[in-house]
Amino acid sequence: MGKSKRLKIGIVGCGAIGSSMAKFIVKKLFSQAQLSALYDLDASKIKKLAKSVSKKRDLAAGSLGDLIAESQLVVEAASALSSREIARRALSMGRDVMIMSTGGVAGSLKELSLLAKKNNARVYIPSGAICGVDALKAAKLGRIKSVTLTTRKNPRSFKGVKYVEERRIKLAGIKKETVLFSGSAREAVRHFPQNINVAAVLSLAGIGQDRTLVRLIASPGTKRNIHEIKIESASGDISTRTQNLLHPDNPKTSFLAVLSAMAALRQILEPVRIGT
Ligand SMILES: NC(=O)c1ccc[n+]([C@@H]2O[C@H](COP(=O)([O-])OP(=O)(O)OC[C@H]3O[C@@H](n4cnc5c(N)ncnc54)[C@H](O)[C@@H]3O)[C@@H](O)[C@H]2O)c1
């Protein structure tokens, strides 16, 4: 690929995921891709990251619109509250978009898909912090009876979640495994948008938000985010268990989610695609 053909990638959200991806693009993907712009609601975060990845060019964008104008692919690594709007704006301008805050688009994929089609653009949603999405996509071509996600996290991970506060659950007082939530992925995503991107990815890849079942367990013994998936299907039964270490820059984010986003970026640029 010639230098002028390098894919221009802009990143919205300069936190744990956005920063890791920016460095990855600059250090590892430079022959195929170019970091075109950075944007965050917090201007100091843009500045800090822009400085650390490029001494020559100022990558700081003054607004989301400016970032989109500068980019062919927009990576959303911001928040579940904003991911739908960021995706809509990027797609409307004919830009491809990669969404990390999947909880924020779980109910809008049809709308985004139509918008993408109309503007000849693409939406990418990485697997994130779970394994099993590859097999789920394949099994879906047969018949799937059930998909169940059981997520265990340290009680601390649920700090500040409205659903937990409203039920007056004292996280610090939890001494043994406690089920905080059991229900459909739709409800899980509604009540735990920051904690449960994996439920959103799973339901989008599989049998939808209403039939995908989710249990969220506060587990005081663990420092990891553990996701167990059970799939019953016409092609057989599948179980996976991912025990994630947390990202050093954001203890709410699994390290694997960051690597998954990097792998998804690399896959877009590669001529060979491995896995479903
Ligand atoms: N798909 C997955 O498996 C997965 C896993 C972990 C995290 N996530 C999600 O990815 C997102 C980023 O995670 P992170 O660990 O980097 O978070 P982070 O808190 O470290 O960084 C997020 C950054 O985005 C900025 N931001 C928030 N809203 C914004 C907006 N509207 N416009 C521009 N900037 C905005 C914040 O100021 C912050 O700097 C979160 O929504 C998180 O829930 C997804």
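I began with L245, and in this predicted model I found it in the loop that runs between β10 (236-244) and β11 (246-247). I then asked which residues make a nonpolar surface patch with L245, and I noted F255, L256 and L259 as its partners in a patch of about 330 Å².

Next I followed β10 into its sheet, which is open and has 5 strands in the order β7-β8-β6-β9-β10, with mixed pairing. I marked β10 and β7 (178-184) as the edge strands, since each of them pairs on one side only. From one strand to the next, I read an average twist of 10 degrees. As a reminder to myself, strands of a sheet pair through backbone hydrogen bonds, and they can do so either parallel or antiparallel.

I then looked up how β6 (residues 144-153) and β8 (residues 212-218) run, parallel or antiparallel. They run parallel, and 7 bridges join them. For one residue pair I checked T151, whose bridge partner in β8 is L216.

I also looked for a helix lying across these strands, and I wrote down α9 (residues 197-205), which lies across β6, β8 and β9 (225-233) and runs at about 170 degrees to β6.

Last, I turned to the domain assignment of the chain, which gives domain 1 as 3-125 + 256-269 and domain 2 as 133-244. How many Å separate the centres of the two domains, taken over C-alpha atoms? I recorded 26 Å between the centres of domain 1 and domain 2, and I added that their contact takes 11 residues from domain 1 and 10 residues from domain 2.

Key
Residues are numbered from 1 along each chain as its sequence is written. This is a predicted model: local features need pLDDT of at least 70, side-chain atom pairs count only at pLDDT 80 or more; totals for chains, interfaces and linings use all residues. Side-chain values use heavy atoms; hydrogens and water are left out. Patches are made of residues with over 30% relative accessible area and no salt bridge: like charges are joined within 9 Å, nonpolar side chains (Val, Leu, Ile, Met, Phe, Trp, Tyr) within 5 Å. Accessible areas come from the Shrake-Rupley method with a 1.4 Å probe; for residues, only the protein chains shown count as cover. A salt bridge is a side-chain nitrogen of Lys or Arg within 4 Å of a carboxyl oxygen of Asp or Glu. Helices (H or I, at least four residues) and strands (E, at least two) are DSSP runs, numbered from the N terminus. Two strands pair if DSSP finds at least two bridges between them. Axes are lines fitted to C-alpha atoms, for helices over the stretch in contact, and angles run from 0 to 180 degrees between N-to-C directions. Contact means heavy atoms within 4.5 Å. Domain bounds come from an automatic or database domain assignment.
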